[in-house]
Amino acid sequence: LDGNVFDKANAYAPIDGALKKITTWIEGGAEVEFITHEHQFMELKKIDNKFKELSLPDAKVHAKPEGAKPGDFVNELGPKILIENATNSGTDKTVASTLGDESKVRSVVLQPGVTLDDLPSYLDDLKNMHSEEATETVEE
């Protein structure tokens with residue numbers, strides 16, 4: 001969520017192009033859910049309020065439990081596609097690299113300088129990014 005959709009350091013201001021892209025995916029039939037490492041109630045409330053302010057009142061935000069392994073948490077949620085920044089996990093590894101060989105979750109890893117706005121607008125195009133590999137790295 002932080003760095004892909006909102007800039008936490010800037011009062012959760014939307015990242016350029018992110019909301020337009022998310023809205024396009026939703027209008028195309030996607031269920032878009034969000035994952036955050038944030039655990040503090042007031043921060044989660046700010047995120048919820050920001051989605052309401054931006055006309056996405058039904059946004060579903062999942063807070064990764066403290067101590068939970070990111071890959072296990074994502075596998076448990078079971079999204080078809082995980083989109084993450086290369087630096088979102090807070091470690092040297094991406095969440096995608098911790099999903100395991102049996103995972104059905106496909107991943108898109110955005111390298112520094114790449115945003116959601118750089119991804120395809122059409123769901124079929126986004127899904128087709130994964131025809132060869134489970135993880136697609138998007139670079140500038």
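The following paragraphs describe the fold, the packing and the charged pairs of this predicted model.

Residues are numbered from 1 along each chain as its sequence is written, and side-chain values use heavy atoms, with hydrogens and water left out. Because the model is predicted, local features need pLDDT of at least 70 and side-chain atom pairs count only at pLDDT 80 or more, while totals for chains, interfaces and linings use all residues.

The protein contains four helices and seven strands. These elements are DSSP runs numbered from the N terminus, with helices being H or I runs of at least four residues and strands being E runs of at least two. Along the sequence they follow the pattern β-β-α-β-α-β-α-β-β-α-β. Of the 140 residues in the protein, 35% are buried; here buried denotes under 20% relative accessible area, exposed over 50%, and partly exposed the range in between (1.4 Å probe, protein chains only). Among contacts (heavy atoms within 4.5 Å) with a separation of 6 or more, 68% join residues 24 or more positions apart.

One part of the fold is built on strands S3 (residues 33-36) and S4 (residues 60-63), which pair in the parallel sense over four bridges. Pairing requires that DSSP find at least two bridges between the strands. Within this pair, Ile-35 has His-62 of S4 as its bridge partner. Helix H2 (residues 41-53) joins S3 and S4 in a right-handed β-α-β unit. Right-handed signifies that, with the strands pointing away from the viewer, the path from the first strand over the helix to the second runs clockwise.

The same two strands are also linked through their side chains. Glu-33 and Lys-60 form a salt bridge whose closest N and O atoms are 3.9 Å apart, a salt bridge being a side-chain nitrogen of Lys or Arg within 4 Å of a carboxyl oxygen of Asp or Glu. This pair connects distant parts of the chain, since Glu-33 belongs to S3 and Lys-60 to S4, 27 residues apart. Both partners are partly exposed, Glu-33 at a relative accessible area of 36% and Lys-60 at 43%.

The whole structure holds five salt bridges, and helix H2 contributes further examples. Glu-43 and Lys-46 meet at 3.1 Å, N to O; both lie in H2, three residues apart, or about one turn of the helix. Glu-43 is buried at 13% relative accessibility, whereas Lys-46 is partly exposed at 42%. Beyond its neighbours within four places in sequence, Glu-43 is in contact with Lys-8, Tyr-12 and Glu-38. Asp-48 and Lys-52 form another salt bridge in H2, at 3.3 Å, N to O. Because these two residues are four positions apart in the helix, they are separated by about one helical turn. Asp-48 is partly exposed at 26%, as is Lys-52 at 45%.

Helix H1 (residues 18-27) shows a division between its sides. Its buried residues are Ala-18, Leu-19, Lys-21, Ile-22 and Trp-25. Seen down the helix axis, these residues fall within an arc of 160 degrees, so they line one face of H1; the arc is that of the directions from the axis to the C-beta atoms. The exposed residues Lys-20 and Glu-27 sit on the face turned away from this buried side. The cover over the buried residues includes strand S2 (13-14), S3, strand S5 (81-85) and helix H4 (123-128). Just after H1, Gly-29 adopts a positive phi of about 105 degrees.

The interior can be described through its nonpolar cores, each a set of buried Ala, Val, Leu, Ile, Met, Phe, Trp, Tyr and Cys residues joined through side-chain atoms within 4.5 Å. The largest such core has 23 residues, and those with the most contacts inside it are Val-5, Trp-25, Phe-51, Ile-83, Leu-116 and Leu-119. H1, H2, strand S6 (106-110) and H4 each supply at least two residues of this core. H1 gives the most, with four residues. Leaving out residues up to four places away in sequence, Phe-51 touches Leu-1, Val-5, Phe-6, Phe-34, Leu-56, Pro-57, Ala-59 and Val-61. Apart from the largest core lies another, of five residues, among them Val-74, Val-95, Leu-99 and Val-105.
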